[in-house]
Amino acid sequence: MKKIVLIAALALALPFAASAQTTPAKAEAKKAPPKKQVTRKAAKAVEEVTPIADETNIVLTDADLEVAKRVSLGKAQCELGADVTVAADEKKPGFFNVTTKGLKYRMHPVESRTGAIRLEDPRAGAMWLQLGNKSMLMNQKAGLRIADECQTAEQVAFAEEMKKNPPKSLFEGADAAKK
């Protein structure tokens with residue numbers, strides 16, 4: 001019986017002994033200074049003054065330079081009150097600086113089979129896709145649309161024209177060809 005009481009007393013005392021050993025470690029952890037976090041305002045201020053890197057080893061082809069001539073420049077208003085600004089890089093023809101919500105991208109044109117104008121920043125994983133009536137900015141690495149339904153004044157006019165004179169359907173005349 002004495003053995004059982006002794007075993008029970010040891011079983012109860014062991015957890016208290018273990019917690020007593022970890023208590024000083026917890027006290028030291030509490031004394032450590034808290035990690036300083038950068039405020040959103042400070043991060044934005046740094047981002048705004050950080051220049052877009054102009055180092056690139058990308059050489060544009062003649063086809064890429066032709067695509068660059070068709071890029072709509074200026075501020076595009078997007079859904080949910082966002083906007084994207086596309087500006088030509090004065091130092092390097094064919095390259096563009098695309099900015100929105102504190103994000104900056106240095107993009108170059110990429111020829112597409114569909115005829116859409118496509119600008120890419122492969123380092124950041126961003127892509128600007130420009131159609132006749134709207135554009136969108138995407139982060140391919142994160143799989144997110146950063147800005148959608150963006151339109152410059154030219155694209156708004158093009159969209160209105162599409163409403164007045166809708167483009168011919170792909171299937172229009174397909175039945176006539178079978179006969």
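**Working around strand β7**

Strand β7 (residues 135–139) is mostly covered, with 5 of its 5 residues buried. Buried here is under 20% relative accessible area, exposed over 50% and partly exposed in between, with a 1.4 Å probe and protein chains only. Strands are DSSP E runs of at least two residues, numbered from the N terminus. The model is predicted, so local features need pLDDT of at least 70, side-chain atom pairs count only at pLDDT 80 or more, and totals for chains, interfaces and linings use all residues. Residues are numbered from 1 along each chain as its sequence is written, and side-chain values use heavy atoms, without hydrogens or water.

**Exercise 1.** Sort the residues of β7 by face.

*Solution.* Start with one side: S135, L137 and N139. On the other side you get M136 and M138. Each of these residues is buried, which leaves both faces covered.

**Exercise 2.** Find the strands that pair with β7 (pairing takes at least two DSSP bridges).

*Solution.* First take β6 (residues 126–130): 5 bridges join β6 to β7, and the two run antiparallel. A126 has N139 as its bridge partner, and a hairpin of 4 residues links the strands. Next comes β8 (residues 144–150), antiparallel to β7 over 4 bridges. Here M138 sits opposite R145, while N139 faces L144. This hairpin also has 4 residues between its strands, and G143 in the turn shows a positive phi of about 70 degrees.

**Exercise 3.** Which strands stand at the edges of the sheet, and why is one side of each without a neighbour?

*Solution.* Write out the order: β1-β2-β3-β4-β5-β6-β7-β8, an open antiparallel sheet of 8 strands. β1 (74–77) and β8 are the edges; each has a single partner strand, so one side lacks a neighbour in the sheet.

Note on methods. Two strands pair if DSSP finds at least two bridges between them.
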